[in-house]
Amino acid sequence: LSHSIKNILQGIRGGADVVQMALKKSSLDEAKTGWKMLERNLDKVQTLTMNMLAYSKPRRPTFELTHLPHVLNECLELVRHVAADRKVTLLTEISTTQPPIPIDADGIHQAVLNLLVNAIDAVEPAHGVVTLSSQYNAVSQMSIIEVQDNGVGIPEKDLEKIFLPFFSTKGQRGTGLGLAVTQKIVEEHNGSIQIISKVGQGTTFRIRLPMNAAPAPDQTQFPQ
């Protein structure tokens, strides 16, 4: 974690230096470049902080009937500029007809955001494609979310360790918290997360969220 924080701070310092030099030269183009560096690293700080909090503290999800496509589209908007910087194509296959489901919207937002950021990191710039899809299965009463990429894939020997805290396939570029936190949040919803990956063919993460994820209300709280 210290190494990751140090790298982010170096990125912020570098962006600030670029902005400072641009101001001295009154160069708007250079200032924009430096500002993008700052934005990118501020996003990393926020993501890291949220994951550290979610991992280290017990969470009590607040379940509310939520329109899942709205949450997913918010996640897409947050990563759109990151994808654009790396020239990664974002595709969506989000069913808008699915019914509202009981979820902790902030938790699912964080879980999906982690998967999207990982997917964008995993693909090659200018050639990468990341797809976010969701649908509702009326038979099983499950909402299914998938994040798919055409990146390098994950070696089979690493698949069983991928959700372990502090295990990362990114080397020093990763903290190993994102996927651990995502799994924790999904399990808090009585859901499941599955990974399908082949080296050289990409990776798919599949989240299943049951309609009955929220606990039944305590009737003693509502005296007649």
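**Exercise 1. In this predicted model, find out whether Phe163 and Phe205 are buried or exposed, and work out how their rings are arranged.**

Step 1. Start with accessibility: Phe163 and Phe205 are both buried.

Step 2. Now for the rings. A pair of aromatic rings is described by the distance of the centres and the angle of the planes. One aromatic pair is counted here. In that pair, the ring centres of Phe163 and Phe205 are 6.2 Å apart and the planes stand at 75°, so the arrangement is edge-to-face; the cut-off for this class is over 60 degrees.

Step 3. Place the partners along the chain. Phe163 sits in the loop between helix 5 (156–159) and helix 6 (178–188), while Phe205 belongs to strand 7 (residues 202–210). With their positions 42 residues apart, the pair links distant parts of the chain.

**Exercise 2. Which residues touch the most other members of the largest nonpolar core, and which helix gives the most to this core?**

Step 1. The core holds 38 residues, and those touching the most other members are Ile108, Val112, Leu116, Val130, Leu132 and Ile145.

Step 2. Helix 4 (residues 105–122) is the top contributor, with eight residues.

Step 3. Take a closer look at Ile145. Leaving aside residues up to four places away in sequence, its contacts include Ile108, Val112 and Leu132. Phe205, from the ring pair of Exercise 1, is also among the residues that Ile145 touches.

**Exercise 3. Why is helix 6 described as largely enclosed by the rest of the structure, and how does helix 2 pass helix 6?**

Step 1. Count the buried positions: they make up eight of the eleven residues of helix 6, so this helix is largely enclosed. Among them are Leu179, Val181, Ile185 and Val186.

Step 2. Identify the neighbours. The buried residues of helix 6 pack against helix 2 (28–56), helix 4, strand 6 (192–198) and strand 7.

Step 3. Turn to the geometry with helix 2. The two axes come within 9 Å and cross at roughly 50°, which means helix 2 is oblique to helix 6. The crossing is left-handed. At the contact, Asn51, Ala54 and Tyr55 of helix 2 meet Gly178, Val181 and Lys184 of helix 6.

**Exercise 4. Where do Ala126 and Gln141 lie, and what is the phi of Ala126 and of Gln141?**

Step 1. Recall the background: most residues other than glycine have a negative phi.

Step 2. Ala126 has a positive phi of about 75° and lies in the loop between helix 4 and strand 4 (129–137).

Step 3. Gln141 has a positive phi near 55° and is found in the loop between strand 4 and strand 5 (142–149). Its relative accessibility is 45%, so Gln141 counts as partly exposed.

Technical notes:
Residues are numbered from 1 along each chain as its sequence is written. This is a predicted model: local features need pLDDT of at least 70, side-chain atom pairs count only at pLDDT 80 or more; totals for chains, interfaces and linings use all residues. Side-chain values use heavy atoms; hydrogens and water are left out. Rings of Phe, Tyr and Trp (its six-membered ring) pair if their centres lie within 6.5 Å; planes under 30 degrees apart count as stacked, over 60 as edge-to-face and the rest as tilted. Helices (H or I, at least four residues) and strands (E, at least two) are DSSP runs, numbered from the N terminus. Buried means under 20% relative accessible area, exposed over 50%, partly exposed in between (1.4 Å probe, protein chains only). A nonpolar core is a set of buried Ala, Val, Leu, Ile, Met, Phe, Trp, Tyr and Cys residues joined through side-chain atoms within 4.5 Å. Contact means heavy atoms within 4.5 Å. Axes are lines fitted to C-alpha atoms, for helices over the stretch in contact, and angles run from 0 to 180 degrees between N-to-C directions. Angles under 35 degrees count as roughly parallel, over 145 as roughly antiparallel, 65 to 115 as roughly perpendicular and the rest as oblique. A crossing is left-handed if the near helix is turned anticlockwise from the far one by less than a right angle, and right-handed if clockwise.
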